[in-house]
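Trainee: Please take me closely through one part of this structure, the positions annotated as a binding site, and then set that part against the rest of the chain.

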Amino acid sequence: MQNMKKVAVIMGSDSDFPVVSAAVKKLKSLEIPCEVHVLSAHRTPAEAAEFAKNAKANGFGVMIAAAGMAAHLAGVLAAYTTLPVIGIPMKSSALEGLDALLATVQMPGGIPVATVAVNGAENAAVLAAQILALGNDELAEKLEQMKRQMSEKVAAKDAAIRAQAEQL
């Protein structure tokens, strides 16, 4: 695809991968190159900062960061880059992800992090694709096709349920 930037998919722990893999699958289905990494805002802060500082020079256009509990990863990455950062708050056993959601959305002025739903990996990938599509007509068309397919599926379900309802 024309001038395709990569998406960095970063998680605070490898235990996040079962959820985050939905983002990787969606990016790959849209033919968007991505790299997956485990970096921690707390356990590897220097490495996380270094990755973010060099992300633009290394060909990335967007970063997705998944973290649970304190969920500082997206904010740490955003502090060191001008690239868009999308946070995925991860569900934890203690507070069902509310802690991660609040940590991800409560960023100070000047350090924005776009935030999707708790465990919302697929939407993080779609948002990353929409950002990249601003400068890529081919990707924009793929996204429009994806939306048309979703609409067609809903229309088919509508017709099927109306037919069932008439049989009652």
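Mentor: Contact, a word I will use often, means heavy atoms within 4.5 Å. This is a predicted model, in which local features need pLDDT of at least 70 and side-chain atom pairs count only at pLDDT 80 or more, while totals for chains, interfaces and linings use all residues. Residues are numbered from 1 along each chain as its sequence is written, and side-chain values use heavy atoms, with hydrogens and water left out.

Let me begin with the frame into which your site has to be fitted. The protein chain contains six helices and five strands (DSSP runs numbered from the N terminus: H or I of at least four residues for helices, E of at least two for strands), and reading along the sequence gives the pattern β-α-β-α-β-α-β-α-β-α-α. The C-alpha trace of the protein chain spans about 65 × 45 × 30 Å along its principal axes. Of the contacts in the protein chain with a separation of 6 or more, 69% are made by residues 24 or more positions apart. The protein chain has 168 residues, and 39% of them are buried (under 20% relative accessible area with a 1.4 Å probe and protein chains only; over 50% is exposed, and partly exposed lies in between).

Which residues, then, make up the annotated site? According to the unreviewed UniProt entry, the feature "binding site" is placed at S13, D16 and R43; such annotations use the numbering given here, have shortened feature names, and may be inferred rather than shown by experiment. S13 belongs to the loop that runs between strand 1 (6–11) and helix 1 (17–29), and D16 is found in the loop between strand 1 and helix 1 as well. S13 is partly exposed because its relative accessibility is 21%, whereas D16 counts as buried because its value is 9%.

The surroundings of these two loop residues can be followed one by one. Setting aside residues up to four places away in sequence, S13 touches V38 and R43, and R43 is itself one of the annotated positions. The side chain of S13 is also joined to that of S15 by a polar contact of 3.0 Å (N or O atoms within 3.5 Å, one able to donate a hydrogen and the other to accept it, with sequence-adjacent residues counting only through two side-chain atoms). D16, apart from neighbours within four places in sequence, is in contact with M11, A66, A67 and M90. Two of those partners, A66 and A67, carry numbers inside residues 60–83, a span that the unreviewed UniProt entry annotates as "transmembrane region". In the model, the span 60–83 is 29% helix and 38% strand, and its end C-alpha atoms lie 8 Å apart.

The charge of D16 deserves care. Although D16 is buried, it has no salt bridge (a side-chain nitrogen of Lys or Arg within 4 Å of a carboxyl oxygen of Asp or Glu). The nearest side chain of opposite charge, with Lys and Arg taken as positive, Asp and Glu as negative, and His and the chain ends not counted, is that of R43, at 7.3 Å.

For contrast, a search of the whole structure finds six salt bridges. One of them pairs E122 with K26, whose closest N and O atoms are 3.4 Å apart; since E122 lies in helix 5 (residues 121–133) and K26 in helix 1, this pair ties together parts that are 96 residues apart in sequence. E122 is partly exposed at 43% relative accessibility, while K26, at 17%, counts as buried. Another bridge joins E141 to R148 at 2.8 Å between the closest N and O atoms, and here E141 is partly exposed at 38% and R148 partly exposed at 40%. A further one brings together the side chains of E96 and K91 at 3.1 Å, N to O, with E96 partly exposed at 47%.

A second serine gives a useful comparison with S13. S92 sits in the loop between strand 4 (85–90) and helix 4 (98–105), and a relative accessible area of 12% makes it buried. Beyond neighbours within four places in sequence, S92 is in contact with M69, G97 and D99, and the side chains of S92 and D99 are joined by a polar contact of 3.5 Å.
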